[in-house]
Structure formats: structure tokens, C-alpha cells
Number of protein chains: 2
Amino acid sequence: MDFKEELGTLKSQLVFDQKVDVPDDTANVVIAGLGGSGIAGRIFQELYSSKPVMIADDYTAPSFVSKSTLFIAISYSGNTEETLSSTADAKARGAHIVTISAGGKLYGQGDQNIRIPRRDLQPRSVTGYMIMPLLRGFGIVSEEEADGSYKLLDALDNDNIECLVHAKAIMEGSCIPAIFGSHPYKGVAYRWKTQFNENAKVLAYSNSFPELNHNDTMALAQTYLKDRFYFMVFGSESERIKKRIEVTQEITASQFNIIEPKGRTYIERMFYLLHYGDYVSYHLAVLRGADPADISLIERLKAELG
Amino acid sequence: MDFKEELGTLKSQLVFDQKVDVPDDTANVVIAGLGGSGIAGRIFQELYSSKPVMIADDYTAPSFVSKSTLFIAISYSGNTEETLSSTADAKARGAHIVTISAGGKLYGQGDQNIRIPRRDLQPRSVTGYMIMPLLRGFGIVSEEEADGSYKLLDALDNDNIECLVHAKAIMEGSCIPAIFGSHPYKGVAYRWKTQFNENAKVLAYSNSFPELNHNDTMALAQTYLKDRFYFMVFGSESERIKKRIEVTQEITASQFNIIEPKGRTYIERMFYLLHYGDYVSYHLAVLRGADPADISLIERLKAELG
């Protein structure tokens, strides 16, 4: 499948109706996942705060994991070594385990096992399949929002010329994309960074307001190589954050390209921003003659690690 | 005070003997703090995993915060607007509040209030005062380790020529520092990034193994501008991570400058790495003629935000 076509599958993933069963006695949630399979957890962590949600992106499960932990392991292949290892850890400590995968060794390890219905995509292209069971399970998406998001993604699939314009500007200067998000889209800003890495094969950087005002700000004003960075900043609904963006741009004499999210709710805007970044990174790949689907080195790394 | 002298105060902060009281019924911990005042929380979060530890780096406290939450608010000035706001939130929900500050509006807001004994340093230079009450309170540092760490820092204060060598290489190429950590020093890698931002006023990037193997890896092999990045990678005691570092370097044809941490335990190595980064960024500031103590723009931003 053509990679652009692969990106276009995101909207149809929103109808995936499996959902994580959340036991009544859940005291805390741990979501294990790395790379493309870790994104859903990072985004969810920001949208849901009624219980502590921690990310496990290493070989072990945190030692607080116990019977009252809901441990959700996400791996598209089902064979990510870090996730298999942390899941075994969590299982030994009696956690309630839910797996989300297309199969592999992970499938069947959980008290509940959610199977992603297709295996022919890249891990980073199945974010919809991974996040919908979380959003539905914790009751933070309505069918109306899923539908509204579908329409926004469909519109982007049909017209992403704005994304191409950003990609051209990045390519023209051979720039490092720098993406600045803010709550509740900090995870999405990180997602853009990873999409630039994997699709366009360029180094990229992300951070978020207000944290970046406490460190990047001085650098933005005085760093060398600044003209080789291309700044994309998510518009915010918060007056305080809006003001921070405006003042930061002014006092550091930076050119921020503001990306205004479309959508009626946080969930809709999240999906819109997510997909917008897919297309900017995709277009950049095409412009620089990189194959957006190629992940041969990550495969080679896995092989060499044996 | 000369900024180098200010950096040299870190070792004496290790004898600070205040400690966070941890109530017996603590179900989860939230540490609020931004920038230099947020670093202690990020580092602690990685060293302690017997309870969920979440970072609050925005205006609100997560909605799970309740009577069984230990909410630790850290702000050197005691006047960070985000932290004051999230602390008020947590207080309204009945959390057990501990403040760590040198005064300001935050001081006195807690059930326990820890006062940092000097006010003449920059927030990023009082990490010792901020982290020791956490490490002691949760029983994860011995006096022997505090003493061992003191000696390692003292040795670095007297001889940091290695740090100067890295700074010179960065300066020579006008490079963007890229710092790759791994557990339990992911927070320290982020700290280095922020020190490059604030001390040397250059943009910088950090990430950690194994997560970076799932995204940066493709970019490391094919990005433009790669010769303008200077890679510093923390040595690891884990065979698996060592192998990842080695293979990543090989398959992406990257030159990784390995920083081997000294010290007998995690805590000692953490302090050593932390301070090592202080000096690399300090030397880079001096080499490029930037004032490492200048944070005028952050002050201006605060003023403009009113």
C-alpha cells in the first residue's frame, strides 16, 4: 500500500469499537508501549486525569504495580521486547492486564486481549486502533465526537495543501522542525517529532508551554543556527497560554508558525492536530526524496539485538 | 557571585537535612514544579517507583488528587504562577501539601513547609536543596551516599577539563547538543538540555534509550544538518542498553561521545552526571561569550505576563 493511502486509514480506525474494561477497584493505570505503540498512551495520559496514569517505556514495570493496577500493554507487532518484559513483570505482581496488539507473543498474555484487525500497516499508522479502546473504555469519547473526528480527518485527507506549504518551507531551509504544544496536546507535539523522524527521516524537537518558557526561551533569543529551525506552534484556547506564545515570539524575535486546531471538542481537535502532523512529515519525506515507509534501520537494530 | 562559584555550591547543598514527611496513607505523589524547580521532581520520579509519582508542570493539579495524595510543590522563588495555581487546586481537594521554596507566596501554603536556606542563587543552581528533602524523605539516600556524592562533586569542581573539551568541540562546530540518557538518568539527560538552554543559550535536544530507538534512529541515519549536532550519550550499566548504544552508533554512522558516570551507586552516579552537564554548559557559555547567569528574558516574560 502507498504510504499516503496508509495515512488515510486513520479515520476508519475511529469506528473500532473494542474497549478496555476498567475494573472498579483500579487505583492506578500503567500504559506500556514504545515508539508508535507508545503514542496512544502518551496522548491518553493527558486527556484523562481521574486516576494516576504512568507510561512504562522501558524493560521493567514500576515497582508500585500491584493487584489494583490496570496495566495496558500496547504493541502492534506484539513482539516489542521492552513491552513483553514489562508486561511479564506486571503479571508477576498480579496486575490486571489488558493487551492491545495485532497478535505476536503479547496477544493472549492479558486478562483481556484486544486484537487490532489488520496487520499490514506500520505501528505509527494504527494510532486510531490503539487509542480508541482507551478513550471508549474510560468513557472520554462520545460517538458524536468520533463521528466529528472522522469528518475532520476525511477533510484533511482530501485537502492537506497547508501541510505541504509547511513542508516546503522546512525543505527550502533544510530546517529542523521544532514543535511547541500545550495542554492537552503536549503528547501530540511529541507525536509530530516522531513522525518527522520516521516519515521524513529528519531530526526534530518538541516541547510545550509553559515548561519551555523556563528553559528554551533564553536559547530562542540567542542560539546559533536559529535560522535552521522551523517553529510550529499549536494554537491554544487558554488565554494565558495564548499570551505566553505571543510574548515568547516577540521577546525572542522568533517566527512562530501557528497551527490552529479545528474541531468542536478537545478530542476532535486532538485528532485534527495529530493528522495534520502526519501530512506535514509525509510531504517533507516526498520533497526530500526519502521513502516515508522505510524503517529498515529499526528492523536491522532489532535483528542485531537478537 | 561568579556563576562558576554558584555551580560549586551544589556539593554543600547535599548536607541539607530537611526531609519531606510522607504520610502513611499516601496512595500517590504529585510533584509540581517548572524549569529549574521542576528538575528535582523529574529526577526523583525515576529513582523512586514504590508509588505512582506524577509531575504537574501546568496551571492545574490532575483531577485524581485527593486526601491520599502527597502533593509536593517546588518553587525556588515561591512565586511561580503555574505552581501556585496547581497548589491551590490540590489544597482545595484536600491533598497533603509539602512546599519547598526559599519563601514567596508558596511558603506557608503547605502542611509542611521546607525553606531553602539561601535566596541568592538561580533556581537551576539549587537542585541539591530541592532533591535532598525528597531523597531523604522517601529513604532512598544513605548518609554514606550523600558523602560519596559530595566527594565526586568536589572532584569535578576542581577538575572539569573533560567538560571543557566537550564544550570546545560543540563551539568549534557551532553544534546543537543532543543528549541521550537511559534509566535511571533520563531526567538528568533532560536537565543537561535545559542547562544548555539557560547557561549557554543554545537550543539543545535530549531523549533516552530505548525510546529513541523507535524514532530518532531513522533520522540519525538520514537527516540533513547532522554534522551540526554533537551527541553526548550517558554510559549504561545495563548490558542491553550498552548493546543498543553500540548498535545504534554503528548502523546510523553516528559519532557518540560517551559520558561514563562515576560513583558506586545510582545516586552517586546521578549527582556526578548532573554536575558534569553543569560544567559542559558553563564552559560553552564562556566560550561563546554568553553570560551564563543572564536570564533577563525569562524575567521580562514574567513581567509582560503580569
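Trainee: In what order do the four strands of the open sheet in chain A come, and is the pairing parallel or antiparallel?

Mentor: A quick word on the model before the sheet. It is a predicted model, where local features need pLDDT of at least 70, side-chain atom pairs count only at pLDDT 80 or more, and totals for chains, interfaces and linings use all residues. Residues are numbered from 1 along each chain as its sequence is written, chains are lettered from A and ligands numbered from 1 in the order in which they are written, and side-chain values use heavy atoms, with hydrogens and water left out.

Now the general idea: helices (H or I, at least four residues) and strands (E, at least two) are DSSP runs, numbered from the N terminus. Two strands pair if DSSP finds at least two bridges between them. In chain A the order is β7-β6-β8-β9, with parallel pairing.

Trainee: Which strands sit at the edges?

Mentor: Those are β7 (205–209) and β9 (256–259) of chain A, each pairing on one side only. On average, neighbouring strands of this sheet are turned by 25° against each other, direction ignored. For such angles, axes are lines fitted to C-alpha atoms (for helices over the stretch in contact), and angles run from 0 to 180 degrees between N-to-C directions.

Trainee: Which helix packs on the sheet?

Mentor: Helix α7 (residues 161–172) of chain A does, touching β6, β8 and β9 of chain A. Its direction makes about 155° with that of β8(A). Contact here means heavy atoms within 4.5 Å.

Trainee: How many bridges join β6(A) and β8(A)?

Mentor: Five bridges, in the parallel sense. Look along β8(A) and you'll find A:F231 as the bridge partner of A:A178.

Trainee: How do I read aromatic pairs, and how many does the structure hold?

Mentor: Rings of Phe, Tyr and Trp (its six-membered ring) pair if their centres lie within 6.5 Å; planes under 30 degrees apart count as stacked, over 60 as edge-to-face and the rest as tilted. Over all chains, the structure holds 29 aromatic pairs. One of them joins A:F180 and A:F231, a tilted pair at 5.9 Å centre to centre with 40° between the planes. A:F180 lies in strand β6 (residues 176–182) of chain A and A:F231 in strand β8 (residues 229–234) of chain A, so this pair ties together parts 51 residues apart in sequence.

Trainee: Are A:F180 and A:F231 buried or exposed?

Mentor: Buried means under 20% relative accessible area, exposed over 50%, and partly exposed in between (1.4 Å probe, protein chains only). Both A:F180 and A:F231 are buried.

Trainee: Why is the pair of B:F180 and B:F209 edge-to-face?

Mentor: Its ring planes stand at 90°, with the centres 6.2 Å apart, so the pair counts as edge-to-face. It links B:F180 in strand β6 (residues 176–182) of chain B to B:F209 in strand β7 (residues 205–209) of chain B, 29 residues apart. B:F180 is buried at a relative accessible area of 0%, and B:F209 is buried too, at 1%. These residues also belong to one aromatic cluster, whose members include A:F180, A:F231, B:F180 and B:F209.

Trainee: Where does the charged end of A:R115 sit?

Mentor: A charge sits over a ring if NZ of Lys or CZ of Arg is within 6 Å of the ring centre and within 35 degrees of the ring normal. The charged end of A:R115 sits over the ring of A:Y107, 3.9 Å from its centre. In chain B, B:R42 lies over the face of B:Y190, at 4.3 Å from the ring centre.
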